[in-house]
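Trainee: Could you take me through a close look at one loop, and then show me how it sits in the chain as a whole?

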Amino acid sequence: MDVNVLLETPDRYGAYPRLEDAQIQALAAEGQRHRTQTAEVLIREGEENYDFFVVLAGKVANVDGFGGDERVISVHGPKRFLGELSLITGQAAFFTSQVREPGEVLRVPVDRLKAVVARDSTLGDLILKAYLSRRSLLIGRGAGLRIIGSCFSPDSRRLREFAARNRIPYQWVDLEKDQDAETLLRELHVRPEQTPVVICPAGQVLRNPSNAELAEAVGLPAPRPGVTVCDLAIVGAGPAGLAAAVYGASEGLVTVALDEFATGGQAGRSSRIENYPGFPAGISGGELAERAVVQAEKFGATFTVPARACGLQERGGNYVIKLDNGGEVTARTVLIATGARYRKLDVPRFEEFEATSVYYAATLSEALFCRDDPVAVVGAGNSAGQAALFLSKYTRVVHLLARCKDLGETMSRYLVDRIETTPGVETHLRTEVRELLGGDTLERLVVEDEHTGQRREIPARALFVFIGAQPCTDWLTGQVTTDDDGFILTGPDSDEPGPQRRPLLQTNLPGVFAAGDVRRGSIKRVTSAVGEGATAVQLVWKYLQSTGRVADDAAATLG
């Protein structure tokens with residue numbers, strides 16, 4: 001075999017399917033054929049709003065780091081198509097597509113592509129599934145952005161978490177471990193106090209950017225102040241908020257969803273959800289959120305990330321959501337789906353190690369950061385169990401610490417069974433963390449057996465905490481009735497004395513609803529949160545209809 005022959009990348013994950021002749025013909029009616037030359041660039045790294053390409057003849061390579069330290073990601077020949085999820089979401093391209101063997105391509109503008117897939121759902125599903133798979137492969141390969149900083153820096157961790165939660169492909173360059181990193185920073189004229197640094201696909205160098213600045217650089221939808229009144233504003237894009245966005249937009253409501261950090265909420269931090277209907281092999285929380293966002297946007301929903309809500313007030317018969325950047329969102333109705341945050345351990349030096357060694361999520365990003373090191377997971381719920389099983393694939397040992405005497409009391413049976421048969425997971429029941437030990441980073445834990453009172457040390461270079469949650473309702477400043485713990489009261493719980501009873505998900509404010517973990521009495525499961533989000537849309541419609549405020553297009557759809 002000729003060693004110089006350029007081989008196509010095998011399609012092992014459904015990421016690189018071939019189109020059928022009929023599908024190519026349908027696309028050809030909306031595009032143009034183009035003869036290609038060797039080394040011609042079809043899609044350039046950092047380019048936004050690029051076109052959809054089908055390879056008709058020749059071969060095209062997708063390259064990370066084009067023009068510098070290049071890595072070939074994949075190679076494609078006839079009947080394969082180029083691009084990845086950024087083409088649909090409007091983000092910048094995370095790699096360059098370059099012709100390696102001359103031939104011919106079919107070039108289709110994105111708006112014309114959408115017209116084709118609207119008529120052919122089979123083709124649309126094929127492209128979407130391939131693009132979702134390609135995004136996962138890019139994340140696993142460390143393509144895309146380069147984040148350069150110290151593993152001891154809280155800002156480095158903040159940027160890495162933001163990229164990981166928003167499923168933005170990136171490569172982490174650790175100043176403490178990479179000998180070439182200092183040289184690179186000198187070449188970029190970056191001073192130590194300006195780190196961490198982000199090198200974007202288009203070549204921009206961001207010095208310790210805010211989350212909003214990074215989002216803008218990669219094309220994430222940013223919050224924009226405006227005076228337009230939407231039908232439904234959703235605060236929080238976890239499972240409940242995402243479901244509401246899908247159902248609200250699909251039924252004709254002008255729908256805007258906001259989230260402070262990333263879509264997916266607490267579920268988006270899960271490495272694998274195995275009890276969600278329709279996914280027998282399981283799916284990561286990030287992938288589930290990504291699919292829901294694409295689905296909602298297809299129906300016309302608008303997402304703004306990051307967008308932190310800091311106030312709610314009534315104005316002129318509408319509700320105004322104030323954002324921390326000074327902007328406002330005005331809506332006829334509001335769904336509060338801000339969820340809850342995991343609680344922190346009350347032990348000495350916790351805040352000291354929190355910036356470098358404590359995590360509240362267990363995804364690929366965290367797993368790679370503590371690869372081959374011993375770690376500890378604190379908690380006895382499903383999130384803790386899923387985290388322990390996932391981390392066991394990457395670390396030397398996972399210590400699962402739980403206060404209960406039986407995991408079956410708080411954890412799903414299928415997780416308990418798997419934990420008991422996984423060699424890399426050591427379970428410590430009736431055990432609490434008492435001290436954190438180490439220098440600049442965590443090295444060991446002091447734990448106590450609650451039954452005997454005996455204390456001992458266990459090695460742990462990272463600590464994953466899943467010990468219950470507190471609701472994200474501090475931004476409401478008393479506008480909505482809550483219980484003593486801050487969870488929102490809805491339905492009969494929020495009723496004042498009188499003949500009328502409020503619908504299940506309605507708060508004390510007419511037209512303001514709550515769904516998911518932020519609501520008192522909710523079932524803390526992804527599926528139930530999705531159900532509440534969908535139900536909230538029906539209640540929103542009934543409220544708008546009763547007040548005569550349904551938009552004309554929504555009324556036509558919903559009526």
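Mentor: Gladly, and let's begin with how the elements get their names: helices (H or I, at least four residues) and strands (E, at least two) are DSSP runs, numbered from the N terminus. With that in hand, His-189 can be placed in the loop between α6 and β8. Please keep in mind that this is a predicted model, where local features need pLDDT of at least 70, side-chain atom pairs count only at pLDDT 80 or more, and totals for chains, interfaces and linings use all residues. Residues are numbered from 1 along each chain as its sequence is written, and side-chain values use heavy atoms, with hydrogens and water left out.

Now to the backbone of that loop. His-189 is not a glycine, yet its phi is positive, near 60°. His-189 counts as exposed because its relative accessibility is 66%; the cut-offs are under 20% relative accessible area for buried, over 50% for exposed, and partly exposed in between, using a 1.4 Å probe and protein chains only. Pro-196 also belongs here, in the loop between α6 (181–187) and β8 (197–199). The peptide bond leading into Pro-196 from Thr-195 is cis, with omega near 0°.

Each of these two features has a counterpart elsewhere. Val-305 and Pro-306 are likewise joined by a cis peptide bond, with omega about -5°, and Pro-306 sits in the loop between β12 (302–304) and β13 (309–315). Arg-430, again not a glycine, has a positive phi of about 50°. The loop that holds Arg-430 runs between β20 (425–428) and β21 (431–438), and at 33% relative accessibility Arg-430 is partly exposed.

For a buried example, turn to Thr-356 in helix α10 (residues 350–357). Thr-356 has a relative accessible area of 10%, so it counts as buried. Leaving aside residues up to four places away in sequence, Thr-356 touches Cys-151, Phe-152, Arg-157, Phe-369, Asp-440 and Thr-441, where contact means heavy atoms within 4.5 Å.

Stepping back, the protein chain has 15 helices and 26 strands. Buried residues make up 54% of its 559 residues. Of the contacts with a separation of 6 or more, 68% are between residues 24 or more positions apart. The C-alpha atoms fill a box of roughly 75 × 65 × 50 Å along the principal axes.
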